[in-house]
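The following exercises are meant to be worked through with the sequence and the coordinates at hand. Each task is followed by a solution that proceeds step by step.

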Amino acid sequence: MNNHPIAPDALGSDGVPGPDGAPGPEHDHRRLGRALGLFDTDPLIGSGLPYWLPDGAEIRHTLEEYVRDRERRAGYRHVYSPVLGKRELYEISGHWQHYRDDMFPPMDLGAEQVVLRPSLCPHHALIYRSRPRSHRDLPLRIAEIGGMYRSELSGVLGGLTRVRAIQLNDAHVFCTPEQAAGEAVAALGLIAEAHRALGIRPVRHRLSLPGEGGKYVADPALWERATALLTEVLSRSGVPFEAVAGEAAFYGPKIDVQIADAAGRESTLSTVQIDFHQPERFGLHYIGPDGAKHRPVMVHRSVIGSVERVVAHLIELHGGAFPAWLAPTQLVLLPLTEGERARAERLRERCLDLGLRAEITGPERGSLGARIREARLVPYQAVLGPREAADDLLALRLRGGRRLRALPAPEALSRIRALVGACAQELWDEPEHASEECEG
Ligand SMILES: [Zn+2]
């Protein structure tokens, strides 16, 4: 849990979102993220380069593991690739010609120039190209949560939403043209599942098409083909969408899953793209059943977008009251007196063995009432008194104040473990029981 005292005004009146779940202005992620000890910045590191504090890192780690787990189940294989690449790599991909304004200047290293990468796609295209590929290897799904960089001006930077160093949940599916729509539909399914687990409700699906101006690669047939496929993907997925000109990637159209902040400002969280351009640029191929070389299609997709943007959105959406599976501290143990300290330590160990994040807030931190208030964003709270200790019971109090009847500690912990493991949105899975009297 966070051990930073939270200024009373930093969390709004009760520190939890309104009944409709809508974020209010008091949930500005920049203010709340610092108040909760999730992330911060330092002028000496630079603007747009936030660092993650332990509680924020806990959330990020949990999110990344969630995504990797879902990707593994969906047949993706994970790779690591470097955040630097030679300038020539981006000349081939087209980033140098179409995206250079957003890239950091190249670094001179003897006779060559290297750049901080503006995207992961070229590295993954080279990973595909590094081995001979047959139609039997396809679809080949390569995933990575990796760093990329954007040279934003200082004036527009703030919090986690406009940053210069981005950790992107990215993946590229290399497949036959016939497989592309199915892969994109499956990616939209992964996105919808992740949004449900996170409590995120997108405001719309956008089919992002090219607009006026020269930043798009010129190949009308390519654009038509990719747009037709993405339209098919959206209709097969049954999601309503709006087509918007001027929002495509330079190499192709995309499906953008849009979210909105408290002020109604939209941004893109998750994307799915069908790309015929980069396989051409990198000369990718596979050997078909006919023994001849064929060009694969690249489906680019991101389930949760960048970890910075998704965490900013989650902070604003939940006002710091994260779903239990994501909360930095899932259970806080509150020994009534020093006499219950040893039991609290043992319970904490049991939680760690079960993969649960538990912390102890002892009497040295103030009265029980004050400690319960301090822990009000923690999903599960347990006051440990002499009575519960004698029978190894756990009297849980849920975030929001509901008290449950005391349960044998192993049962209480394994039920929490099951809810957390299922990424449940609710904190408990039975109708309300008669509350027992409880202190605080
Ligand atoms: Zn990509």
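**Exercise 1.** Does G211 count as buried, partly exposed or exposed, and what is its relative accessibility?

Solution. The model is a predicted one, and the residue is first located within it: G211 is found in the loop between β9 (204-209) and α7. The next step is to apply the cut-offs, by which buried means under 20% relative accessible area and exposed means over 50%, with partly exposed in between. At 28% relative accessibility, G211 therefore counts as partly exposed. Turning to its surroundings, and leaving aside neighbours within four places in sequence, G211 is in contact with Y216, A245 and G246. For G246 the separation can be stated in two ways, since the C-alpha atoms of G211 and G246 are 3.8 Å apart in space, whereas the two residues are 35 apart in sequence.

**Exercise 2.** Describe how helices α6 and α7 pack, and state which class of arrangement the angle gives.

Solution. Two packed helices are described by the angle between their axes and by the distance between those axes. For α6 (residues 177-198) and α7 (residues 220-237), the angle is about 45 degrees and the axes are 9 Å apart. An angle under 35 degrees would count as roughly parallel, and one of 65 to 115 as roughly perpendicular; α6 and α7 are therefore oblique to each other. The crossing in which α6 passes α7 is right-handed. On the side of α6, the contact is made by P177, A180, A181, G182, A184, V185 and L188, while α7 contributes R225, L229, E232, V233, L234, R236 and S237. Sorted by class, the residues of this contact are nine nonpolar, two polar and three charged.

**Exercise 3.** Is H195 of helix α6 buried or exposed, and which residues does H195 touch?

Solution. H195 lies in helix α6, and its relative accessibility is 3%, so that H195 counts as buried. Not counting residues up to four places away in sequence, H195 touches I200, P202, V257, L269, S270 and V303.

**Exercise 4.** Which residues coordinate the zinc ion, and how are the donors spaced along the chain?

Solution. The zinc ion is coordinated by C121 through SG, by H172 through NE2 and by H300 through ND1, at 2.0 to 2.3 Å. Along the chain, these donors follow the spacing C-x50-H-x127-H. C121 lies in helix α5 (residues 121-129) and H300 in strand β15 (residues 297-302), so this pair ties together parts that are 179 residues apart in sequence. As a last step, the accessibility of the pair is considered: both C121 and H300 are buried.

Note on methods
Residues numbered from 1 in each chain as written. Predicted model: local features only at pLDDT ≥ 70, side-chain atom pairs only at ≥ 80, totals over all residues. Heavy atoms only, no water. Axes fitted to C-alpha atoms, helices over the stretch in contact; angles between N-to-C directions. Helix = DSSP H or I, 4+ residues; strand = E, 2+ residues; numbered from the N terminus. Parallel < 35°, antiparallel > 145°, perpendicular 65-115°, else oblique. Left-handed = near helix turned anticlockwise from the far one by under 90°. Contact = heavy atoms within 4.5 Å. Nonpolar A, V, L, I, M, F, W, Y, C, P; charged D, E, K, R; others polar. Donors = N, O, S within 2.8 Å, 3.2 Å for Na, K, Ca; no water. Buried < 20%, exposed > 50% of the residue type's maximum accessible area, 1.4 Å probe, protein only.
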